[in-house]
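Please look over the structure shown below. A short report on its rings, core, sheet and charged pairs follows.

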Amino acid sequence: MLIVADENIPLLDSFFGDIGDIRPVSGRTMTAADVQNADILLVRSVTRVNRALLEGSRVRFVGTCTIGTDHVDLEWLESSGIAFSAAPGCNANSVVEYVLSVISLHAERRGVADWSKLSVGIVGAGNVGGELAHKLDRLGFDVLLCDPPRAEREGDEGQEFASLSEVMACDVVTLHTPLSREGGHATLHMFDQEKLSALREHQLLINTSRGEVIDTSALLARLDEPNAPTVVLDVWEHEPRIHTELLDRVWLATPHIAGYSLEGKVQGSELVYQALSRNMGLPVRKKAGQFLPEPALSKLSFTSAAVEMDSANIAMRSCYDPRRDDARMRLAMALPAEERGQAFDRLRREYPVRREFSSVKIQLKGTSKSMQDTFRALGFKLKL
């Protein structure tokens, strides 16, 4: 049995090596010829999976080790009798920690001592948006959720949702929607000139969903106007050949890596391995935890002299500081124009190991219950 897989999927051999022969290929440039003789196809979000790629091949199972499916023609797979699995929620916590790190930097930059005084509006209440709302609520933030499709489905018996205009009045607006191009709730260029004009100076706009949710031309124009908001982008239109003028105007820029914690990537492989095993009637024997190495940083200790928010910032940034990714991104995009696309993909392919907050044990000596609650809410393990 032949498994053709994106070469950047982690732990390919560990999870799938005893199921079939693995042929790793570039996900960005994968062609029909690459998959012609494959029985199983494993991809990430950079590969378009459709009739053009798979028609006439032997592929009977497709797995994407990502939470999104907008790169997959699900209707065609179903009509062709090809089984499919995604990895919903696999990197949700990684994206949440990215957003929390960005908010903490924004609060510090604005001189806000207590970051929970910032109101946060979340657009999209799926796996990522829902988990972010849960953590922010535990941390004491005022949170508004906007998800028109869910509000329509669930009606009065569902969760209480805010309107988009209400969410866009918050101090922080963070986007976690899938990319949909059609229908009553299409998200393609949802943030157009009209929406962006409602954002003001001192507001923070974060996009970790899909680049196409924001109209690049409209955002460029808005950022050239007075009282422009602060913008953080992890996703971009036309990846990997992104708009470098937009890069120059945003506060923080990263190369689509918000979900790239080691835990998130390995869990994506694990979920697809489980689905493939069930599809083939094989026992599920492997778990992500058995493949995770010891973290480079395993423990931090704070005494009774520690200040709560300062301590939380130290801990979060010890695990992840988005400014490092921003610096690498800007250096890569300073290359000649013809080299930038490859450089963008290289930043993702060679991304350094990033561990989640849960990999670090926090030792607290004589600290307050409030500090303990903050570290627990962030996801750190505590040793009292």
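Is lysine 369 buried or exposed? Lysine 369 is exposed, because its relative accessible area is 58%, and the cut-off for exposed is over 50%. Keep in mind that this is a predicted model.

## Salt bridges

Lysine 369 has a charged partner. Aspartate 373 forms a salt bridge with lysine 369, and their closest N and O atoms are 2.9 Å apart. Both residues sit in helix α16, four residues apart, so about one helical turn separates them. Aspartate 373 has a relative accessible area of 32%, so it is partly exposed.

A search of the whole structure finds 17 salt bridges. Three of them are set out here.

| Salt bridge | Closest N and O atoms |
|---|---|
| Aspartate 373 and lysine 369 | 2.9 Å |
| Arginine 328 and aspartate 325 | 2.6 Å |
| Arginine 355 and glutamate 263 | 2.9 Å |

Take arginine 328 and aspartate 325 next. They are three residues apart in helix α14 (residues 322-332), so the separation is about one helical turn. Arginine 328 is partly exposed, with a relative accessible area of 34%. Aspartate 325 counts as buried, because its relative accessibility is 2% and the cut-off for buried is under 20%.

The salt bridge of arginine 355 and glutamate 263 links distant parts of the chain. Arginine 355 lies in the loop between α15 (337-349) and β13. Glutamate 263 belongs to helix α12 (residues 262-280). The two are 92 residues apart. Both arginine 355 and glutamate 263 are buried.

Salt bridges can also join into a network. Asp224, Glu245 and Arg249 are linked in this way.

## Aromatic rings

How many aromatic pairs does a search of the whole structure find? It finds 10. A pair of aromatic rings is described by the distance of the centres and the angle of the planes.

Consider tryptophan 115 and phenylalanine 141. Their ring centres are 5.2 Å apart and their planes stand at 75°, so the pair is edge-to-face. The cut-off for that label is an angle over 60 degrees. This pair, too, links distant parts of the chain, with the two positions 26 residues apart. Tryptophan 115 lies in the loop between α5 (92-110) and β6 (120-123). Phenylalanine 141 lies in the loop between α6 (127-138) and β7 (143-146). Tryptophan 115 and phenylalanine 141 are both buried.

Now take phenylalanine 375 and phenylalanine 380. Their ring centres are 5.7 Å apart and their planes are at 75°, so this pair is edge-to-face. Phenylalanine 375 is buried, with a relative accessible area of 0%. Phenylalanine 380 counts as buried, at 5% relative accessibility.

Rings also group beyond pairs. Phe15, Phe16, Tyr273 and Phe291 form one aromatic cluster. A charged residue can meet a ring as well. Arginine 354 lies over the face of tyrosine 320, at 4.1 Å from the ring centre.

## The nonpolar core

In soluble globular proteins, nonpolar side chains tend to be buried together. The largest nonpolar core here has 50 residues. Which members touch the most other members? They are Leu100, Ile103, Trp115, Ile362, Leu378 and Phe380. Several elements each supply at least two residues of this core, including α5, β6, α6 and β9 (204-207). Helix α5 gives the most, with 10 residues. Another core lies apart from this one. That other core has 33 residues, among them Leu196, Leu223, Ile242 and Ala343.

Return to phenylalanine 380. Leaving aside its neighbours within four places in sequence, its contacts include Ala315, Met316, Phe357, Ile362 and Phe375.

Helix α5 also holds histidine 106. Histidine 106 counts as buried, at 1% relative accessibility. Not counting residues up to four places away in sequence, histidine 106 touches Leu118, Val172, His202, Leu204 and Trp251.

## The sheet

Six strands form an open sheet, and the pairing is parallel. Their order is β7-β6-β8-β9-β10-β11. Why is one side of β7 and of β11 (252-253) left without a neighbour in the sheet? Each stands at an edge with a single partner strand, so one side has no neighbour there.

Further in, β9 runs parallel to strand β10 (residues 230-233), and four bridges join the two. Leucine 205 stands opposite valine 231 in β10.

Notes. Residues numbered from 1 in each chain as written. Predicted model: local features only at pLDDT ≥ 70, side-chain atom pairs only at ≥ 80, totals over all residues. Heavy atoms only, no water. Phe/Tyr/Trp six-rings, centres within 6.5 Å; stacked < 30°, edge-to-face > 60°. Buried < 20%, exposed > 50% of the residue type's maximum accessible area, 1.4 Å probe, protein only. Lys NZ or Arg CZ within 6 Å of the ring centre and 35° of its normal. Contact = heavy atoms within 4.5 Å. Core = buried A, V, L, I, M, F, W, Y, C linked by side-chain atoms within 4.5 Å. Pairing = 2+ DSSP bridges. Salt bridge = Lys/Arg side-chain N within 4 Å of Asp/Glu carboxyl O.
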